[in-house]
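This report walks through one small set of topics: the overall fold, the helices and a few residues. Please look at the sequence and the structure before reading on.

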Amino acid sequence: MIPIITAVFYTYGVWQDDLKKFRIIAFIVPLTWIVYNIHVEAYVGVLLTIIEAVATLVAIIKLDIK
């Protein structure tokens with residue numbers, strides 16, 4: 001169920017006109033993938049989604065907070 005819910009949530013985020021909302025959703029989506037990847041023991045996937053989450057967090061800090 002996690003991949004389906006995450007895909008629907010990401011699709012909703014892509015349809016947003018506001019980039020700030022998109023970046024927030026783009027930060028939440030990797031967090032759900034981390035949970036899923038840990039559950040299925042895909043540790044390389046965990047590493048890559050952590051990198052994705054950090055990159056998105058940097059974008060949020062750089063573009064939305066400052």
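The sections below go from the whole chain to single residues.

## Overall layout

The model shown here is predicted. The protein contains three helices and zero strands, and along the sequence these elements follow the pattern α-α-α. Its C-alpha trace spans about 35 × 20 × 10 Å along the principal axes.

The protein has 66 residues, and 24% of them count as buried. Its accessible surface comes to about 4,900 Å². Carbon and sulfur atoms account for 74% of that surface. Among contacts with a separation of 6 or more, 46% are between residues 24 or more positions apart in the sequence.

## Helix α1

Helix α1 covers residues 2-14. Two of its residues show different surroundings: I4 is in this helix, and T6 is in it as well. I4 has a relative accessible area of 56% and is exposed, because the cut-off for that class is over 50%. T6 has a relative accessibility of 4%, so it counts as buried, the limit being under 20%.

Which residues does T6 contact, leaving aside its neighbours within four places in sequence? They are V29, T32 and W33. V29 is one of the buried residues of α2.

I4 also belongs to a nonpolar surface patch. The patch is made by M1, I4, I5 and V8, and its area is about 470 Å².

## Helix α2

Helix α2 runs over residues 19-39. It has 21 residues and reaches 31 Å from its first C-alpha to its last. That is close to the 30 Å expected at 1.5 Å a residue.

The buried residues in α2 are R23, I25, A26, V29, P30, I34 and N37. What covers these residues? The cover includes α1 and α3, the latter being residues 43-65.

## An aromatic pair in α2

A search of the whole structure finds two aromatic pairs. One of them is formed by W33 and Y36: the ring centres are 5.6 Å apart and the planes are at 80°. The pair is therefore edge-to-face, since that class begins at planes over 60 degrees apart.

How far apart are W33 and Y36 along the helix? They are three residues apart in α2, which means that about one helical turn separates them. An α-helix has 3.6 residues a turn, so residues three or four places apart point the same way.

Are the two residues buried or exposed? Each falls in the class between. W33 counts as partly exposed at 27% relative accessibility, and Y36 is partly exposed with a relative accessible area of 26%. W33 also appears in the list of contacts made by T6 of α1.

## The loop after α2

E41 lies in the loop between α2 and α3. Just after α2, this residue takes a positive phi of about 60°, although E41 is not a glycine. Is E41 buried or exposed? At 56% relative accessibility, E41 counts as exposed, because the value is over 50%.

How values were computed: Residues are numbered from 1 along each chain as its sequence is written. This is a predicted model: local features need pLDDT of at least 70, side-chain atom pairs count only at pLDDT 80 or more; totals for chains, interfaces and linings use all residues. Side-chain values use heavy atoms; hydrogens and water are left out. Patches are made of residues with over 30% relative accessible area and no salt bridge: like charges are joined within 9 Å, nonpolar side chains (Val, Leu, Ile, Met, Phe, Trp, Tyr) within 5 Å. Accessible areas come from the Shrake-Rupley method with a 1.4 Å probe; for residues, only the protein chains shown count as cover. A salt bridge is a side-chain nitrogen of Lys or Arg within 4 Å of a carboxyl oxygen of Asp or Glu. Helices (H or I, at least four residues) and strands (E, at least two) are DSSP runs, numbered from the N terminus. Buried means under 20% relative accessible area, exposed over 50%, partly exposed in between (1.4 Å probe, protein chains only). Rings of Phe, Tyr and Trp (its six-membered ring) pair if their centres lie within 6.5 Å; planes under 30 degrees apart count as stacked, over 60 as edge-to-face and the rest as tilted. The expected span of a helix is 1.5 Å times one less than its number of residues. Contact means heavy atoms within 4.5 Å.
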